[in-house]
Amino acid sequence: MKIRIITSCTGEKQHAPANQLTQDDFRLISEPTRFQAREDELSAYRMPAETMYTGQQHLRLMEGVRAFREQYGAESVDVWILSAGYGLLPGDQAIAPYECIFQGMKATEIDAWAAHLHVPEDARRFFAQP
């Protein structure tokens, strides 16, 4: 049996350098070379998404995930995170610190931003997997 979880990102992260990524940087995703250059500036801070977030909701979820994985194996649980910067991403994907949140956006802005990040298509693929 495999459990698949989608959770949200949190504003609190392991690292918050002054030059962390912002929403403007994520607008460059369609320009991979420029976006990669910004990520490379933060390479010392990159880590798997599962370990980047330090908000209480995420920490408590990951306590349960770790306990389940210890009992049933590392492959027993897939954690995916809906990030306001990266979109829907697997928990083991290395990410750079960023400051970008959905909170405060109007519904139409959230819809447009989610479309920019390909969240609807990625979610359909996620839910279509057995």
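The following exercises, each with a worked solution, concern a predicted model of a protein chain.

**Exercise 1. Overall architecture**

Determine how many helices and strands the protein chain has, and in which pattern they follow one another along the sequence.

Solution. Counting the elements gives 6 helices and 7 strands in the protein chain. Reading along the sequence then places them in the pattern β-β-α-α-β-α-α-β-β-β-β-α-α.

**Exercise 2. Overall dimensions and contacts**

Compare the radius of gyration of the protein chain with the value for a compact globule of 130 residues, and then describe the extent, burial and contacts of the chain.

Solution. The rule for the reference value is 2.2 Å times the number of residues to the power 0.38. For 130 residues a compact globule would have a radius of gyration near 14 Å, and the 15 Å of the protein chain agrees with this. Along the principal axes, the C-alpha trace spans about 40 × 30 × 30 Å. Turning to burial, 36% of the 130 residues are buried. Among contacts with a separation of 6 or more, 67% are between residues 24 or more positions apart.

**Exercise 3. Surface and charge**

State how much accessible surface the protein chain has, what share belongs to carbon and sulfur atoms, and how far apart the mean positions of the positive and negative charges are.

Solution. The accessible surface comes to about 7600 Å², and carbon and sulfur atoms account for 54% of that area. For the charges, the mean position of the 13 positive ones and that of the 18 negative ones are 3 Å apart.

**Exercise 4. The buried side of helix H2**

Identify the buried residues of helix H2, explain how they are arranged around its axis, and examine Arg38 in particular.

Solution. Within helix H2, which comprises residues 32–41, the buried residues are Phe35, Arg38 and Glu39. Because they cover an arc of only 100 degrees around the axis, these residues are on the same side of H2. The cover over the buried residues of H2 includes strand E2 (21–22) and helix H1 (23–26).

Arg38, which lies in helix H2, has a relative accessible area of 14% and is therefore buried, the cut-off being under 20%. With neighbours within four places in sequence left aside, Arg38 is in contact with Asn19, Gln20, Leu21 and Asp25. As for Ala84, 46 residues away along the chain, its C-alpha atom is separated from that of Arg38 by 17 Å.

**Exercise 5. Arg69 in helix H4**

Decide whether Arg69 is buried or exposed, and list the residues that it touches beyond four places in sequence.

Solution. Arg69 belongs to helix H4, residues 56–72. Its relative accessibility is 18%, so Arg69 counts as buried. When residues up to four places away in sequence are not counted, Arg69 touches Glu50, Met62, Ala74, Ser76, Val77, Asp78 and Val79.

**Exercise 6. Two loop residues**

Locate Gln14 and His118, classify the accessibility of each, and describe the contacts of Gln14 and the phi angle of His118.

Solution. Gln14 is placed in the loop between strand E1 (3–8) and E2, and with a relative accessible area of 44% Gln14 is partly exposed. Apart from neighbours within four places in sequence, Gln14 is in contact with Met47, Thr51, Met52 and Thr54. Gln14 and Met52 are 38 residues apart in sequence, while their C-alpha atoms are 5.2 Å apart in space.

His118 lies in the loop between helix H5 (107–116) and helix H6 (119–128). Its relative accessibility of 40% means that His118 counts as partly exposed. Although His118 is not a glycine, its phi is positive, at about 65 degrees.

Key:
Residues numbered from 1 in each chain as written. Predicted model: local features only at pLDDT ≥ 70, side-chain atom pairs only at ≥ 80, totals over all residues. Heavy atoms only, no water. Helix = DSSP H or I, 4+ residues; strand = E, 2+ residues; numbered from the N terminus. Buried < 20%, exposed > 50% of the residue type's maximum accessible area, 1.4 Å probe, protein only. Contact = heavy atoms within 4.5 Å. Areas by Shrake-Rupley, 256 points an atom, 1.4 Å probe, with all protein chains shown as cover. Lys, Arg positive; Asp, Glu negative; His and termini not counted. Charge placed at Lys NZ, Arg CZ, Asp CG, Glu CD. Arc of directions from axis to C-beta.
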